Amino acid sequence: MGKARLLVVEDDIDVGHLLKYYFSSIGYDVDLAIDGLDALEKVRQALPNVVILDIMLPNVDGYDVCRSLRTNIQTSHIPVIFITQKEERADKLQGLELGADDYIIKPFDIEELKLRV
């Protein structure tokens with residue numbers, strides 16, 4: 001069995017590269033997408049084991065990406081962890097109702113994210 005594959009979807013390039021570097025350094029195969037359209041295309045190319053997904057993205061937001069993953073039989077099983085600055089209770093409930101497995105508010109603790117992954 002190969003390395004676990006993560007897809008990090010983050011439009012903040014610095015945060016995206018930090019997550020890619022960190023998870024790669026602990027043995028994950030990490031792909032990075034900078035917007036929702038890019039994320040959906042990368043999922044079609046190679047199914048990840050986990051998606052770490054920002055909500056506020058250009059083109060297609062994280063809610064729509066999650067909705068798309070959940071409604072497709074080929075991707076409905078992939079765990080989704082939202083990482084976002086949207087800290088309102090309604091935002092969190094919306095993300096979880098869409099089928100996200102977890103919801104982490106920025107700024108986040110990298111060790112906590114690792115444990116949740």
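Select Arg 70 and Ser 76: the side chain of Arg 70 reaches the backbone oxygen of Ser 76 at 3.0 Å. The model on screen is a predicted one. Arg 70 itself belongs to helix H3. Now show what surrounds Arg 70. Leaving aside neighbours within four places in sequence, Arg 70 is in contact with Thr 75, Ser 76, His 77, Ile 78, Pro 79, Val 80, Leu 98, Gly 99 and Asp 101.

**Thr 75**

Thr 75 is one of those contacts of Arg 70, so select Thr 75 next and find the loop between H3 and E4. Is Thr 75 buried or exposed? Thr 75 has 5% relative accessibility and therefore counts as buried, since the limit for buried is under 20%. The side chain of Thr 75 reaches the backbone oxygen of Leu 69 at 2.7 Å. Apart from neighbours within four places in sequence, Thr 75 has contacts with Val 43, Leu 47, Ser 68, Leu 69 and Arg 70.

**The sheet**

Switch to a cartoon view and colour the strands. Five strands form an open sheet in the order E2-E1-E3-E4-E5, and the pairing is parallel. Which strands are at the edges? They are E2 and E5 (102-105), each of which pairs on one side only. From one strand to the next, the twist averages 20°. As background, strands of a sheet pair through backbone hydrogen bonds, either parallel or antiparallel.

Start with E1. Four of the five residues of E1 are buried, so this strand is mostly covered. E1 pairs with E2 (residues 29-33) in the parallel sense, over five bridges. To see one position in this pair, select Leu 6, which stands opposite Val 30 in E2.

On the other pairing of E1, look at E3: these two strands run parallel and are joined by four bridges. Here, select Val 8, whose bridge partner in E3 is Ile 52.

Then move to E4 and E5. Four bridges join these strands, which run parallel. Thr 84 is a useful selection here, with Ile 105 in E5 as its bridge partner.

**Helices beside the strands**

Select residues 13-25, which are helix H1. Together, E1, H1 and E2 make a right-handed β-α-β unit. Next, select H2, which lies across E1 and E2 and runs at about 145° to E2.

**The cores**

Show the side chains of Val 9, Val 51, Leu 53 and Phe 82. These four touch the most other members of the largest nonpolar core, which has 21 residues. Which elements each supply at least two residues of this core? They are E1 (5-9), H2 (36-45), E3 (50-53), H3 (62-71) and E4 (80-84). The largest share, four residues, comes from H3. In soluble globular proteins, nonpolar side chains tend to be buried together.

Keep Leu 53 selected and display its surroundings. Neighbours within four places in sequence aside, Leu 53 is in contact with Val 9, Gly 62, Val 65, Cys 66, Val 80, Ile 81, Phe 82 and Ile 83. A second core of 15 residues is separate from the largest one, and includes Ile 52, Ile 81, Ile 104 and Leu 113.

**Lys 106 and Pro 107**

Go to the loop between E5 and helix H5 (110-116), where Lys 106 is found. Lys 106 counts as buried because its relative accessibility is 16%, and the limit is under 20%. Which side chain is joined to that of Lys 106 by a polar contact of 3.5 Å? The partner is Asp 54. Beyond neighbours within four places in sequence, Lys 106 is in contact with Glu 10, Asp 54, Ile 83, Thr 84 and Gln 85. Lys 106 and Ile 83 are 23 residues apart in sequence, and their C-alpha atoms are 6.4 Å apart in space.

Add Pro 107 to the selection; this residue is also in the loop between E5 and H5. The peptide bond that joins Lys 106 and Pro 107 is cis, with omega about -5°.

**Asn 59**

The last stop is Asn 59, in the loop between E3 and H3. Asn 59 is not a glycine, although its phi is positive, at about 70°. Most residues other than glycine have a negative phi, and most peptide bonds are trans. Is Asn 59 buried or exposed? Asn 59 is exposed, because its relative accessible area is 60% and the limit for exposed is over 50%.

How values were computed. Residues numbered from 1 in each chain as written. Predicted model: local features only at pLDDT ≥ 70, side-chain atom pairs only at ≥ 80, totals over all residues. Heavy atoms only, no water. Core = buried A, V, L, I, M, F, W, Y, C linked by side-chain atoms within 4.5 Å. Buried < 20%, exposed > 50% of the residue type's maximum accessible area, 1.4 Å probe, protein only. Contact = heavy atoms within 4.5 Å. Pairing = 2+ DSSP bridges. Right-handed = clockwise from strand over helix to strand, strands pointing away. Axes fitted to C-alpha atoms, helices over the stretch in contact; angles between N-to-C directions. Polar contact = N/O pair within 3.5 Å; in protein donor to acceptor, adjacent residues only side chain to side chain.
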